[in-house]
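Hello,

Here is the structure I promised to pass along. Have a look at it first, and then read on for what turned up in it.

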Amino acid sequence: MCSSDLEQENNLALAYSNRCLTEIYLQDYLHAWQDCTRSLQQQSDNYLAYFHRGLAFYRLGDYSQALTDYNQTIRLKPTYYQAYYNRGLVQAAMKNYPLALADFNQSLGQITNWQPDTLATIYNDRSEEHTSELQSHSDLVCRLLLEKK
């Protein structure tokens, strides 16, 4: 493959990736994941295409596929704190609260540019998941106590 072919492939991958992001902003998640997939067919190491496709799947309620894409994003770019954060949101949606909490904590550990609004969002979500985890344990204890009576 000559260099102009590679350049054309990279441009096509970038075009699909950019259109995917635009579709996410327009809340057109079905087309977004399709375009991210097309981008990945052209350039399989595009961590942002995996990240954006994970977001599209998350918004479509396909948590399993979102989790797969966030795992791939992290594999390709382990310092990308947003991937840990979004994976934590997926884990919380799947009621995997300890894993969600671990991802939120990992996200905090990856941040190099300490912006107050970013930190506030992560701390808030981490707190909500910790509260949800405690509530689910509390509900279980109550059910067990009621069963004993």
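**Salt bridges and the helices that carry them**

Let me begin with one side chain: Arg19 has a relative accessibility of 42%, so it counts as partly exposed. Its salt-bridge partner is Glu23, with 4.0 Å between the closest N and O atoms. Glu23, for its part, is buried, because its relative accessible area is 11%, under the 20% cut-off. The two residues both sit in helix H1 (residues 3-25), and they are about one helical turn apart because four residues separate them in the sequence. As a general point, an α-helix has 3.6 residues a turn, so residues three or four places apart point the same way.

Before going further, please keep in mind that this is a predicted model. Its mean pLDDT is 81 for the protein chain, with 70% of the residues at 70 or more.

**The overall picture**

The protein chain has 149 residues, and 37% of them are buried. It contains seven helices and zero strands, so if you follow the sequence you will read α-α-α-α-α-α-α. Of the contacts with a separation of 6 or more, 44% are between residues 24 or more positions apart. The accessible surface of the chain is about 9000 Å², and carbon and sulfur atoms account for 52% of that.

Confidence varies along the chain, and two helices mark the ends of the range. H4 has the highest mean pLDDT among the elements, at 98, while helix H7 (residues 116-148) has the lowest, at 51. Please take particular care with residues 137-149: pLDDT stays under 50 there, and the model has zero contacts beyond four places in sequence for them.

**More salt bridges**

How many salt bridges does the structure hold? There are five, and the one between Arg19 and Glu23 has already been described. Another joins the side chains of Arg53 and Asp69, at 2.7 Å from N to O. This pair links distant parts of the chain, since Arg53 lies in helix H3 (residues 47-60) and Asp69 in helix H4 (residues 63-76), 16 residues apart. Both Arg53 and Asp69 are buried.

Asp103 and Arg87 also meet through their side chains in a salt bridge, again with 2.7 Å from N to O. Here too the pair links distant parts of the chain: Asp103 belongs to helix H6 (residues 97-110) and Arg87 to helix H5, with their positions 16 residues apart. Are these two partners buried or exposed? Asp103 has a relative accessible area of 5%, so it is buried, and Arg87 is buried as well, at 17%. Turning back to Arg19 and Glu23, salt bridges with shared partners bring them into one network with Asp35 and Arg38.

**A closer look at H5**

Since Arg87 sits in H5, that helix is a good place to finish. H5 covers residues 81-93, which makes 13 residues, and it reaches 19 Å from its first C-alpha to its last, close to the 18 Å expected at 1.5 Å a residue. The helix is mostly covered, with ten of its 13 residues buried. Among them are three tyrosines, Tyr81, Tyr84 and Tyr85, together with Asn86, Gly88, Val90 and Gln91. After H5 comes Lys95, which has a positive phi, near 65°.

I hope this helps you find your way around. Enjoy exploring it!

Best wishes

How values were computed: Residues numbered from 1 in each chain as written. Predicted model: local features only at pLDDT ≥ 70, side-chain atom pairs only at ≥ 80, totals over all residues. Heavy atoms only, no water. Expected span 1.5 Å × (residues − 1). Buried < 20%, exposed > 50% of the residue type's maximum accessible area, 1.4 Å probe, protein only. pLDDT = per-residue confidence, 0-100. Contact = heavy atoms within 4.5 Å. Areas by Shrake-Rupley, 256 points an atom, 1.4 Å probe, with all protein chains shown as cover.
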